[in-house]
Amino acid sequence: MADYEIPETREFPIIPSVVEGAMAHSKPFVAGAEFQTDMGFPVAEEVGELNEGWKENFLDLLKDKLGKYRSLQVFMDTCVKCGACTDKCHYFIGTGDAKNMPVARQDLLRKVYRRYFTPAGKFFPKLVGAVDLTEDVVKEMYSYYHQCSECRRCAVFCPFGIDTAEVTMAARDILAQIGMGQKYSNQIIPKVHKIGNNLGLPEPALVDTLEGLEEEVEEDIGVKVRYPLDEKGAEILLVTPSADFFAEPHIDGLIGYGKVFHATGVTWTLSSTASEAANFGLFIGNYEHMRKISLRIRDAAKELGVKRIIFGECGHAWRVAYNHLNTLAGPWDFLDQNYPIPQHILEYTKDALDRNLLNIDKSENDHMTLTFHDSCNVARASRIGEDVGSQFTIPREVIKAVCNNYHDMSADTTHDQTFCCGGGGGLLTDDLMELRIKGAQPRMEALTNVSKDHGVTHMAAICAICKSQFSKVLPYYGMTMDQIVSVHQLVSNAIILEGQGEENEDEDEAA
Ligand code: SF4
Ligand code: SF4
């Protein structure tokens, strides 16, 4: 493990003392020419530097966004500096850097907005905290708008509902469009457009992986559970994060989805062209890319002739799907209108549990005591199910239906007050490891405390980014990477399929 200063975890949260500029050095790699070009963004003559005319372009882009998105204009004008959001961001709590206070993060753009778009800022800039747009200001934006995971926690506490995530998205898009895109996201999105998923996993590799998975499951439980790809005429298209195809604990979740579909007797398929639920268009604040990525799902659904679309465990993918799939890629009039469009895998599993379609042995999870990490994109930016707050109840009800031992973390770190894992919003890259470790502090603190108080051994999540982030940061906080599990991994452990174990019983009898 790399040598970073790890924030302490305490019995009660303590607001850190401010350390000016503590994270001023933190920034992700800037996208080079090949990645900017692939995205259709302008290329800087030198990576990380600004081309001639950048200032006019920046202000034109900001003007365009203020006209298009009324929310951004309202957010720029409304803040009264009440301070309610200042200590709510996990990146401020973990780093102490004042510029990681949400209001300060917004102000990086607001100060420029005031200078060029308000009469007071034009004539009396100092009086209203307006600043000139300079190269230093842009570089500071690049750094601190990549220290926000667009998690919306600050918006829950703001009396005006100012959403820093939207400000971050606007700023990142402007930066990319003046030649300062982020390498990590700009490298990944073209792979989705060209190959179908973030990993660049081509169809033959996907076929191999799924065949291998079928063999593994059959060997394990003695039942042939199918993990089909590109099967025309299947009822359900499952769109799931590509991490589900290979990484632990994600793949255990995929095994679980397959078992649930098997037990409920429905036909389903994955698609090789839409083999990715993630939509990094959200992270870079670019609706065109978000739309293009979403349209793959529409094309795949039509091509395969499915009737329903279900999303696997991925937080931001569900945020895009729940909020935008209809407007970005609809109408979905060719799907069965009797089901939610789209539907979350947890809604499907919960319904199957409620209708007693799943044979469950909870004791299969007795070696664990669970808690649940509400993923910010599901908790604060979407919903699962029809009722207000059902994004909080459904995952917990499913976990409790398949596990005997469960305890929640403290209330000010769960439900709509949940903390981001520290790696969301396009920050899950090794070049931001220090930020990711420090940003995970509030969640690690709550997990440590529930472990001490209630013997919790494992934390379940329904987001691919949360799972990857926790696998990486748990060891820095004295825990082990396998303490993070998929919710459908728990379902998979507990579900008993028809014919399961019969082979073993036969062998025992023969012996
Ligand atoms: S959206 Fe989340 S990461 Fe961004 S400033 Fe607000 S609390 Fe921090
Ligand atoms: S809580 Fe809202 S109004 Fe108050 S300082 Fe933060 S962003 Fe501004």
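Q: Is C376 buried or exposed, and what is its relative accessible area?
A: In this predicted model, local features need pLDDT of at least 70 and side-chain atom pairs count only at pLDDT 80 or more, while totals for chains, interfaces and linings use all residues. Residues are numbered from 1 along each chain as its sequence is written, chains are lettered from A and ligands numbered from 1 in the order in which they are written, and side-chain values use heavy atoms, leaving out hydrogens and water. Buried means under 20% relative accessible area, exposed over 50% and partly exposed in between, with a 1.4 Å probe and protein chains only. C376 is therefore buried, its relative accessible area being 7%.

Q: Which cysteine holds the sulfur closest to that of C376, and why is there no bond?
A: A disulfide requires a pair of cysteine sulfur atoms within 2.5 Å, and a search of the whole structure finds zero of them. For C376 the closest cysteine sulfur is 4.4 Å away, which is too far for a bond, and it belongs to C420.

Q: Which residue precedes P342 across a cis peptide bond?
A: P342 sits in the loop between α14 and β4, where helices (H or I, at least four residues) and strands (E, at least two) are DSSP runs numbered from the N terminus. The cis bond has an omega of about -5 degrees, and the residue that it joins to P342 is I341.

Q: What is the relative accessible area of N356?
A: N356 lies in the loop between α15 (345-354) and β5 (370-372), and has a positive phi of about 55 degrees although it is not a glycine. N356 counts as exposed because its relative accessible area is 67%.
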